[in-house]
Amino acid sequence: MKLKKGLILSEIDGKYVAVAADDAGKSFSGMMKLNKTAAFITERLQRQTTLEELVEAVTEKYDVTQEMALQSVTDTVEVFRRVNLIEE
Amino acid sequence: MKTSKATSLEKVLRSGEAVVRPVSGVSMLPMLDEHTDAVRLITPDREIEVGDVVMYKSSKNRYILHRVCKIDKNTLIIRGDNCVSFEYVLKRNIIALMDGYIKNGRYIPADDVSYREYVRKVLATGKPLIPDEWSYIILLYKAAITGGKAPPAPAGTDWKKVASLCERHKISSAVATVIPELNPPPPEDICLRFSESFNLSLKRTLLFDAERSKISSGLKREHIRFLPLKAIIIKELYPKQGMREFADNDILYDKTRQNDLVRIMTSLGYKVESLQGVHDVFYKEPIFNFEMHKALFSEDLPYADFFSDIFNRAVSDPNGERMSDEDFYLHFSAHYAKHHERAGSGLRPLGDLYLLQRYNNNNKTFNRRYVDESLEKLGLAEFERKMLSVCDSMFENGQVDDDILRQIIPLGVYGSRKISAINAIRKKGRFGYLLSRLFLPYRNMTALFPILKPLPFLLPVFWVIRIVKAIANSKKRALAKEELDIIAQKPTAYLADK
């Protein structure tokens, strides 16, 4: 899976926001505020990846258990899926 | 303030009864608002005194309701609270005395203590009163721009008014950054309104930045020279991203490459809105409006020559090229002056100017001498001095002279077509103004229709084409109607007296 093309992720004053243009803009016209982990996952989702790869990347980066990483990944992917921003 | 006409009004009053009437007009603001308020009138049952609100019939047979400011034997010297000039009325011509009014559904008798305090203030000031909200907006904007702390709102602040004024001046997203720190906080719906403005502006900023980088890449790939203008540069001077609102992005490009530009823009999904005039307009859903300038000013403006060789003075930049800081400042000043003189301007350019000036002052290599000489040459030295002094009082002291506030605050960021039209009507008369708007001079017409340049004898044909085009376009039609209404109307007392 990956995010539709056109999601713009920015760091502003230590906080992360995402807005959508192009293809992604057709599905989502709002703005999302993300925490650090969600921003990291979003960054990874810009290219083709799998749930397993994401969990592994989060575990490595943040020194958390697999369960916690899986929770963060599924939460973030679910948010994007709900607004139709994920391509399978 | 004019009350609505009624033939029976005087009869009822003469019979000794009180009359309650809605009000119309703006001349008694801030006390009487025509949308919500009414007055209670009686036949004067005592000597008229200074401070009374009285009604008389004007020479045009209209009922006027204003306040007595002075009494000279049998003559009353009268002024609307929101007017600057006086009327002279004989005592015997007074038809009615206001003995109370209804404001927002509440009846306030003329001897009410806080009303008497208001009257005292109006008489002491001798000029239209500045609503507290106006001064407070300056304090909020100052805190946002300078990174300071905003003071709490004065008691009784009308937050809806504060929010609408900020929106009209396009400073909501800047002010939004200081709203969360206010103690006590504004009502919840107001906080939400500000934070929505900020989020929208931030979203636009991010989207436009991404879009502009695609356009820039296209231009660079094709070796088309270009310089980013106005908001693209200015927004970076604001303390936080998203604080500087903007409607579109402006870029100056090498006009000999128009065909290539059109190809690049259409390949990026843009629709050509216009290729005439001083800038080409491209639009892409949902929000992207790019004005691609062929020149910085149209030829009929005195600044055009100075900037005509701006590409020769450009400096290189990690992103390509840009105007030097000095030329950018000069262009900003000339552009500001153009808007200010034509239609007034709002608070936002003052924030821009303050931040630009601060940035330049911190830049040791900034050539102030070149700027001063150029401003003098452009006839802008006086304008710049005046605006810098407004900036100084606004952002250093948080206080602005009442007369300047009165000029700037009621208009909003794009000033008002009304001010522009009224200024011109005063110079040319109504008919003269109408003619001048319908039949633009050859120079302006060639800016709109470059094809006309070698064919001046076709000017009358293009006058007709312009009018037909305006009628066909709903947006322009609405603007034209608004302007015609202004021509037909009598300017309000306050504006006429300015």
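Biologist: How many positive and negative side chains does chain B have, and how far apart do the centres of the two sets lie?

Modeller: Lys and Arg count as positive, Asp and Glu as negative, while His and the chain ends are left uncounted. Each charge is placed at NZ of Lys, CZ of Arg, CG of Asp or CD of Glu. Chain B has 76 positive and 62 negative side chains, with the two centres 4 Å apart. This is a predicted model, in which local features need pLDDT of at least 70 and side-chain atom pairs pLDDT 80 or more, whereas totals for chains, interfaces and linings use all residues. Residues are numbered from 1 along each chain as its sequence is written, chains are lettered from A and ligands numbered from 1 in the order written, and side-chain values use heavy atoms, without hydrogens or water.

Biologist: How many salt bridges does a search of the whole structure find?

Modeller: A salt bridge is a side-chain nitrogen of Lys or Arg within 4 Å of a carboxyl oxygen of Asp or Glu. The search finds 35 over all chains. One network of them links A:Asp22, B:Glu211, B:Lys214 and B:Lys284.

Biologist: Which parts of the chain does the salt bridge of B:Glu167 and B:Arg193 link?

Modeller: Helices are DSSP runs of H or I, at least four residues, numbered from the N terminus. The side chains of B:Glu167 and B:Arg193 meet at 2.7 Å, N to O. The pair links distant parts of the chain, 26 residues apart: B:Glu167 is in helix 4 (residues 159-168) of chain B and B:Arg193 in helix 6 (residues 188-221) of chain B.

Biologist: And where do A:Glu78 and A:Arg82 lie?

Modeller: Both are in helix 4 (residues 66-82) of chain A, four residues apart, about one turn of the helix. The closest N and O atoms of their salt bridge are 3.9 Å apart.

Biologist: Is B:Asp325 buried or exposed?

Modeller: Buried means under 20% relative accessible area, exposed over 50%, and partly exposed in between (1.4 Å probe, protein chains only). B:Asp325 is buried, at 17%. Its salt-bridge partner B:Arg322, with closest N and O atoms 3.3 Å away, counts as partly exposed at 25%.

Biologist: Which residues form a positive surface patch?

Modeller: Patch residues have over 30% relative accessible area and no salt bridge; like charges are joined within 9 Å, and nonpolar side chains (Val, Leu, Ile, Met, Phe, Trp, Tyr) within 5 Å. Areas come from the Shrake-Rupley method with a 1.4 Å probe, and for residues only the protein chains shown count as cover. The patch is formed by A:Lys36, A:Arg44, A:Arg47 and A:Lys61. A:Arg44 is partly exposed at 35%.

Methods:
Helices (H or I, at least four residues) and strands (E, at least two) are DSSP runs, numbered from the N terminus.
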